[in-house]
There are 2 protein chains.
Amino acid sequence: MRIAQVAPLYERVPPPGYGGIELVVGLLTDELVRRGHEVTLFASGDSETLARLNAVHERALRLDPHVREHGIYEMMQMSRVYQRADQFDIIHSHVGCVALSYSGLVKTPTVHTLHGIFTPDNSRIYRQCAQQPFVSISDAQREPGLGLNYCSTVYNGIDSQLYQFRAESAQEPYLAFVGRISPEKGPLQAIEVARRTGWTLKMAGKVDPVDRRFYSEQVEPLIDGVQIQYLGEVSHHQKAELLGGAVATLFPITWREPFGLVMIESMACGTPVIGMALGAAPEVIRDGVTGYLVNSVDEMAERLGQIRTISRQACRDHVMSTFTVERMTDGYEAAYLQVLASRNGSLTARAKAALMGQK
Amino acid sequence: MRIAQVAPLYERVPPPGYGGIELVVGLLTDELVRRGHEVTLFASGDSETLARLNAVHERALRLDPHVREHGIYEMMQMSRVYQRADQFDIIHSHVGCVALSYSGLVKTPTVHTLHGIFTPDNSRIYRQCAQQPFVSISDAQREPGLGLNYCSTVYNGIDSQLYQFRAESAQEPYLAFVGRISPEKGPLQAIEVARRTGWTLKMAGKVDPVDRRFYSEQVEPLIDGVQIQYLGEVSHHQKAELLGGAVATLFPITWREPFGLVMIESMACGTPVIGMALGAAPEVIRDGVTGYLVNSVDEMAERLGQIRTISRQACRDHVMSTFTVERMTDGYEAAYLQVLASRNGSLTARAKAALMGQK
């Protein structure tokens, strides 16, 4: 199949640190290439990929101080993608609502994976373009009920080889928190749980400009460097170390997060997750098997008492059966075929084989 | 001809107060309808027009406190325009670079009138789409030399009936300044000229949020309500009164303004303009005939001594011959035909007549 993968330009693919969407796009793209598809990745010029790279700008926008109007670069990217639409069987967009107003203008269908959330403004354009094919990254993500034409839910996957399974946590026991230091990720709640229970908490994650004040006024004063440690923005390797060594990872989100990669990253290392039962968490954590779903900080603290009864192997197994790159890629290949079939009447076995046969 | 006019959504068409682009779009649209063309105006829902109105939102975005992501509404508008592209012979965009990434995806050509300026970021997308047909609103506007495919310069026009000619200025002599109170429009320079020469200065214009501090810290302290008066944002009627009663209008811009409607509004009332010789001013003011072109505040103050030698009738005549809605509309009709001809080989006399024959 000739596939265009369209990534956000803010961060490179794959991202050096934090950047969930770009990570997923990178993994999917490379796996599609390995399966024999002809893939063009539209992304920042410093991206690394097995696919053909098409970049409107030489590096990730967030790293370029000269770039002020990000929207202009998105438009240039859309122009590049859709001018070449007839060179692709399918266009797969990861840029949210930005692609919606273009995809109706060309014959090649676009599948939109929703990575973000709905706002009052963007809901309007989603509704206007509701008949285009959408993929949700969790069933929970569909909750606002905008009437979108969802063709599938495809869970994010990770490269399990990059997360070494550890049958035992580190000798000095601690809890992990990995995520942006912003109110919706719940760093204050994680600290609260640690302080109430006496556990050591090791935190990692970036602080976005918009969250600087939240960090300096509310989080930083609670970091003592001993019981509550903050390691800043860490590399992949450091993150895997941090998660794998923990007795449990806390996922005390305060919003309906549509997925939450850190949960599967943690479980891949064998570390169970105690998460708030919000958004996708109930679809990702198997309650009582790979961690616990809770509804409050109280309950999170309480469940910690039982955490050693969770099998670390079960956590790993859950990821290997449900959240790998291979499973994710299977899901997207099926979605592409489904969309092409719905456009062209239905695909004969032969046409299907031809599309997949370029493998 | 079946014409789509695409206006910005920030302000309604025509604008109740300040809003140069929306004013010009409104005048052009109505005149095209009067000439028999079939025109659809894509604009905010509170717009008033002789054309068919197509609106993605019920009112001007600047007036709706619930609207946070303006870009989303632009995308919805582009989607509407370009989904219907085959219903038009020509699409005429006034929204700057926003339409560039769409116009290459459909068969109907888009003419882009440049109303704004080039920035380092938007220059990149203009260069990427340089082969599309552009109209400049002054020759000076082309100066950055991006290599764009300009098909014409069409000066902005006004409805001369809305600006009553006054053979004499008001009994109490004063100078006028009309424009946004922002550094690039030169309100401080206007005040400086007034203070040096002892003239009364009457100023009108809105203060944008971004200019609040400039206004309160630098301009407001100089307003004494007697020699230096500030009337706030005024209605059309008040503006015409203010300009028409003045002995001269000052246009002390500090940037290369691509047009400057207030110059023609002033001259239409018979009031000469003393303007900095920047941007389009040398194309709009006939030096020594309808006012003066100067290079400094000193020179502006000096030229005021000769201002009574300028014929007010000559000012009016200059507008009537060059800057009317009729002249502007002639210019755009010619541009549309030129673009259609370049797309379709060349237009036969018959095809041309057919296009214009819908008059």
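# Exercises on a predicted two-domain chain and its partner

Domain 1 of chain A and domain 2 of chain A bury about 1700 Å² between them, with 58% of that area on carbon and sulfur atoms. The model is predicted. The exercises start from this interface.

## Exercise 1. The two domains

Task: state which residues form each domain of chain A, and how far apart the C-alpha centres of the domains lie.

Solution. Step one is to read the domain assignment: domain 1 of chain A covers 2-157 + 324-355, and domain 2 covers 160-322. Domain 1 is thus written as two segments. Step two is the spacing, and the C-alpha centres of domain 1 and domain 2 of chain A are 29 Å apart. Step three is the contact, to which domain 1 of chain A and domain 2 of chain A contribute 21 residues each.

## Exercise 2. The domain 1 side

Task: describe the side of domain 1 of chain A that touches domain 2 of chain A, and say which residues there lose the most area.

Solution. Begin with the area. A:Y18, A:Y155 and A:T324 lose the most to domain 2 of chain A, and together they make up 36% of what the domain 1 side buries. Next, look for pairings across the interface of the two domains: the rule finds 0 salt bridges, while 5 residue pairs are in polar contact, both residues being at pLDDT 80 or more. Then ask which helix takes part. Helix 1 (residues 20-34) of chain A gives the most to this side of domain 1, with 3 residues. Finally, sort the residues of this side by type: 8 are nonpolar, 9 polar and 4 charged.

## Exercise 3. The surroundings of A:R12

Task: locate A:R12 in chain A and list the residues that A:R12 touches beyond four places away in sequence.

Solution. A:R12 sits in the loop between strand 1 (2-6) and helix 1 of chain A. Leaving out residues up to four places away in sequence, A:R12 touches A:E22, A:S44, A:D46, A:S47, A:E48 and A:A60. A polar atom of the A:R12 side chain also lies 3.2 Å from the backbone oxygen of A:P14. As a last step, compare sequence with space: A:R12 and A:L63 are 51 residues apart along the chain, and 9.5 Å separates their C-alpha atoms.

## Exercise 4. Chain A against chain B

Task: give the buried area between chain A and chain B, and name the helix of chain A that gives the most to the side touching chain B.

Solution. Chain A and chain B bury about 2500 Å² between them, 52% of it on carbon and sulfur atoms. In chain A, the residues losing the most area to chain B are A:L105, A:D121 and A:R124, together 27% of what that side buries. The contact joins 27 residues of chain A to 27 residues of chain B. Across this interface the rule finds 0 salt bridges and 17 residue pairs in polar contact, both at pLDDT 80 or more. Helix 2 (70-83), helix 3 (100-103) and helix 4 (120-128) of chain A each supply at least two residues of the side that touches chain B. Helix 2 of chain A gives the most, with 8 residues. By type, this side of chain A has 13 nonpolar, 9 polar and 5 charged residues.

## Exercise 5. Chain A as a whole

Task: compare the radius of gyration of chain A with that of a compact globule.

Solution. Chain A has 13 helices and 13 strands. Its C-alpha atoms fill a box of roughly 60 × 45 × 35 Å along the principal axes. With 359 residues, a compact globule would have a radius of gyration near 21 Å; chain A has 21 Å, so the two agree.

How values were computed
Residues numbered from 1 in each chain as written. Chains lettered and ligands numbered in written order. Predicted model: local features only at pLDDT ≥ 70, side-chain atom pairs only at ≥ 80, totals over all residues. Heavy atoms only, no water. Domains from an automatic or database assignment. Contact = heavy atoms within 4.5 Å. Buried area = accessible area lost by both parts, 1.4 Å probe. Salt bridge = Lys/Arg side-chain N within 4 Å of Asp/Glu carboxyl O. Polar contact = N/O pair within 3.5 Å; in protein donor to acceptor, adjacent residues only side chain to side chain. Helix = DSSP H or I, 4+ residues; strand = E, 2+ residues; numbered from the N terminus. Nonpolar A, V, L, I, M, F, W, Y, C, P; charged D, E, K, R; others polar. Rg over C-alpha atoms; globule rule 2.2 N^0.38 Å.
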